[in-house]
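Thanks for taking a look at this one with me. Below are a few numbered points to read alongside the sequence and the 3D view.

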Amino acid sequence: EVQLVESGGGLVQAGGSLRLSCAASGFTFDDYAIGWFRQAPGKEREGISCISSSDNSTYYADSVKGRFTISSDNAKNTVYLQMNSLKPEDTAVYYCAAAQSSSCPWLLARYRYLEVWGQGTLVTVSS
């Protein structure tokens with residue numbers, strides 16, 4: 001079974017940090033693009049970061065650039081999102097998604113068609 005499981009969310013004060021994890025089963029990260037997305041109630045899903053082992057690339061949305069860092073541990077089949085200097089605007093459910101043999105631009109442009117998603121982890125940032 002192909003599965004992604006997010007973890008690491010929680011409640012933090014503005015300026016705090018969290019590290020999210022996206023653990024994969026049923027496939028390996030050695031030829032995949034993994035993206036992080038977030039969605040707040042009433043808002044569209046937003047692609048915020050991506051890492052691709054297929055073309056050795058990373059991506060950050062302007063809203064998180066300089067504050068968030070994506071990384072991967074292929075041996076553990078896990079992708080991480082280190083989130084620093086958190087703001088209340090970062091409050092959302094965070095999801096990871098995967099696409100085989102894909103670039104980050106491809107994944108981010110076509111996320112509405114992706115079928116492999118995690119269940120989400122809630123990040124709440126208080127003022």
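**Notes for a first look**

1. A good place to begin is S102: leaving aside residues up to four places away in sequence, S102 touches Y32, A33, S52 and S54. Please keep in mind that this is a predicted model.

2. Where does S102 sit along the chain? You will find S102 in the loop between strand 9 and helix 1. Despite being in a loop, S102 counts as buried, because its relative accessibility is 6% and the cut-off for buried is under 20%.

3. For a sense of distance, try picking S102 together with L86. The two are 16 residues apart in sequence, and their C-alpha atoms lie 29 Å apart in space.

4. Now for the cysteines. How many disulfides does the structure hold? There are two. If you number the bonded cysteines of the chain in sequence order, they pair as 1-3 and 2-4.

5. One disulfide joins C22 and C96, with 2.1 Å between the sulfur atoms. C22 belongs to strand 3 (residues 18-25) and C96 to strand 9 (residues 92-100), so this pair ties together parts of the chain that are 74 residues apart in sequence. The angle about the S-S bond is 80°, which makes the link right-handed. Are these two cysteines buried or exposed? C22 and C96 are both buried.

6. The other disulfide is formed by C50 and C104, whose sulfur atoms are 2.2 Å apart. Here too, distant parts of the chain are linked: C50 is in strand 5 (residues 46-52) and C104 in helix 1 (residues 104-109), 54 residues apart. This link is left-handed, with -90° about the S-S bond. Both C50 and C104 are buried.

7. Do look inside as well. The structure has one cavity of 30 Å³ or more, and the largest cavity holds about 30 Å³ of space.

8. Which residues line the largest cavity? The lining is made up of F29, Y32, I34, I51, S53, S72, N74 and V79. Five of the lining residues are nonpolar, three are polar and none is charged. You have already met one of them: Y32 is part of this lining and is also touched by S102.

9. If you would like a short route through the view, start at S102 in the loop between strand 9 and helix 1. Step back to strand 9 for C96, then go on to helix 1 for C104. Finish at Y32, which takes you to the lining of the largest cavity.

Terms used: Residues are numbered from 1 along each chain as its sequence is written. This is a predicted model: local features need pLDDT of at least 70, side-chain atom pairs count only at pLDDT 80 or more; totals for chains, interfaces and linings use all residues. Side-chain values use heavy atoms; hydrogens and water are left out. A disulfide is a pair of cysteine sulfur atoms within 2.5 Å. Helices (H or I, at least four residues) and strands (E, at least two) are DSSP runs, numbered from the N terminus. Buried means under 20% relative accessible area, exposed over 50%, partly exposed in between (1.4 Å probe, protein chains only). On a 1 Å grid over the protein atoms alone, a cavity is a set of points where a 1.4 Å probe fits but cannot get out, and a pocket is an open set with protein on both sides within 12 Å along at least five of seven lines; lining residues have an atom within 4 Å of a point. Grid points are joined across faces, edges and corners, and a volume is the space filled by probe spheres set on the points. Ala, Val, Leu, Ile, Met, Phe, Trp, Tyr, Cys and Pro count as nonpolar, Asp, Glu, Lys and Arg as charged, and the others, Gly among them, as polar. Contact means heavy atoms within 4.5 Å.
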